[in-house]
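Colleague: I would like to learn how to read a model like this one, feature by feature. Where should we begin?

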Amino acid sequence: MPLELAKYGNGEIPAAALSSIGQGSHTMWAPAAQAYQTLRAAAARDGVTIEATDSYRPYEQQVDLAQRKGLYSQGGLAAKPGTSEHGWGLSLDLDLNTKALTWMRAHAKDYGFSENVPREPWHWTFTT
């Protein structure tokens with residue numbers, strides 16, 4: 001986790017430390033948001049559409065998601081509240097068709113993103 005974020009709690013990142021990713025009301029930690037915008041533009045130049053479905057998740061949203069979708073450790077789809085990479089403003093969930101997923105797997109690392117959660121090919125995390 002970047003030192004700049006370490007002073008905050010997971011899901012407690014202030015709005016001033018977050019930036020728009022350029023899609024709806026989705027936000028991420030500012031450097032991650034900028035990297036995502038660059039990645040998305042590169043994909044578009046290659047004829048690939050990438051859309052975010054989820055981004056920064058405040059703690060309260062993490063609790064709600066865990067209640068609705070179950071904990072990952074128990075076969076569900078949510079991290080234990082307070083441990084989600086979304087709660088640090090570092091992860092996105094993306095709507096990826098086969099072409100977009102193939103593009104992400106080939107190019108996302110060039111923009112600092114990795115596919116780092118087994119069973120979740122839509123979950124991508126900014127790692128640099």
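Modeller: With the naming: helices and strands are DSSP runs, numbered from the N terminus, a helix having at least four residues and a strand at least two. Arginine 119, for example, is found in the loop between β5 and β6. Keep in mind that this is a predicted model.

Colleague: What is the phi of arginine 119, and how should I read it?

Modeller: Most residues other than glycine have a negative phi. Arginine 119 has a positive one, near 75 degrees. Its relative accessible area is 47%, which makes arginine 119 partly exposed. Glycine 70, just after α3, also takes a positive phi, of about 80 degrees.

Colleague: Let us stay with that helix. Which residues of α3 are buried?

Modeller: An α-helix has 3.6 residues a turn, so residues three or four places apart point the same way. In α3, residues 59-69, the buried residues are Gln62, Leu65 and Ala66. They cover an arc of only 100 degrees around the axis, which puts them on the same side of α3.

Colleague: Which exposed residues does the face turned away from the buried side of α3 carry?

Modeller: That face carries Glu60, Gln67 and Arg68.

Colleague: Now the sheet. What is the order of its strands?

Modeller: Strands of a sheet pair through backbone hydrogen bonds, either parallel or antiparallel. Here four strands form an open sheet in the order β3-β4-β6-β5, and the pairing is antiparallel. β3 (51-54) and β5 (113-114) are the edge strands, each pairing on one side only.

Colleague: How many bridges join strand β4 to strand β6?

Modeller: Three bridges join β4 (residues 91-95) to β6 (residues 123-126). To find the register on screen, look for serine 91, which stands opposite threonine 125 in β6.

Colleague: And the aromatic residues: how many aromatic pairs does a search of the whole structure find?

Modeller: A pair of aromatic rings is described by the distance of the centres and the angle of the planes. The search finds four aromatic pairs. In one of them, the ring centres of tryptophan 29 and phenylalanine 126 are 6.3 Å apart and the planes stand at 55 degrees, so the pair is tilted. Tryptophan 29 lies in strand β2 (residues 27-29) and phenylalanine 126 in strand β6, so this pair ties together parts 97 residues apart in sequence.

Colleague: Are these two rings buried or exposed?

Modeller: Tryptophan 29 counts as buried at 9% relative accessibility, and phenylalanine 126 is buried at 8%. In another pair, the rings of tyrosine 36 and phenylalanine 113 have centres 6.5 Å apart and planes at 75 degrees, so that pair is edge-to-face. It links distant parts of the chain, with tyrosine 36 in helix α2 (residues 30-45) and phenylalanine 113 in strand β5, 77 residues apart. Tyrosine 36 and phenylalanine 113 are both buried. Ring pairs link Trp29, Tyr36, Phe113 and Phe126 into a cluster.

Colleague: Last, the pockets. What volume does the largest pocket have?

Modeller: Rolling a probe the size of a water molecule over the atoms shows where empty space is left. The volume of the largest pocket is about 380 Å³. Its lining has 21 residues, with Arg57, Leu77, Ala78, Ala79 and Glu120 nearest the centre.

Colleague: How do the residues of the lining divide into nonpolar, polar and charged?

Modeller: Eight are nonpolar, five polar and eight charged. The element that gives the most to this lining is α3, with three residues.

Key: Residues numbered from 1 in each chain as written. Predicted model: local features only at pLDDT ≥ 70, side-chain atom pairs only at ≥ 80, totals over all residues. Heavy atoms only, no water. Buried < 20%, exposed > 50% of the residue type's maximum accessible area, 1.4 Å probe, protein only. Arc of directions from axis to C-beta. Pairing = 2+ DSSP bridges. 1 Å grid on protein atoms, 1.4 Å probe; cavity = no way out; pocket = protein on both sides within 12 Å on 5 of 7 lines; lining within 4 Å. Points joined across faces, edges and corners; volume = space filled by probe spheres on them. Nonpolar A, V, L, I, M, F, W, Y, C, P; charged D, E, K, R; others polar. Phe/Tyr/Trp six-rings, centres within 6.5 Å; stacked < 30°, edge-to-face > 60°.
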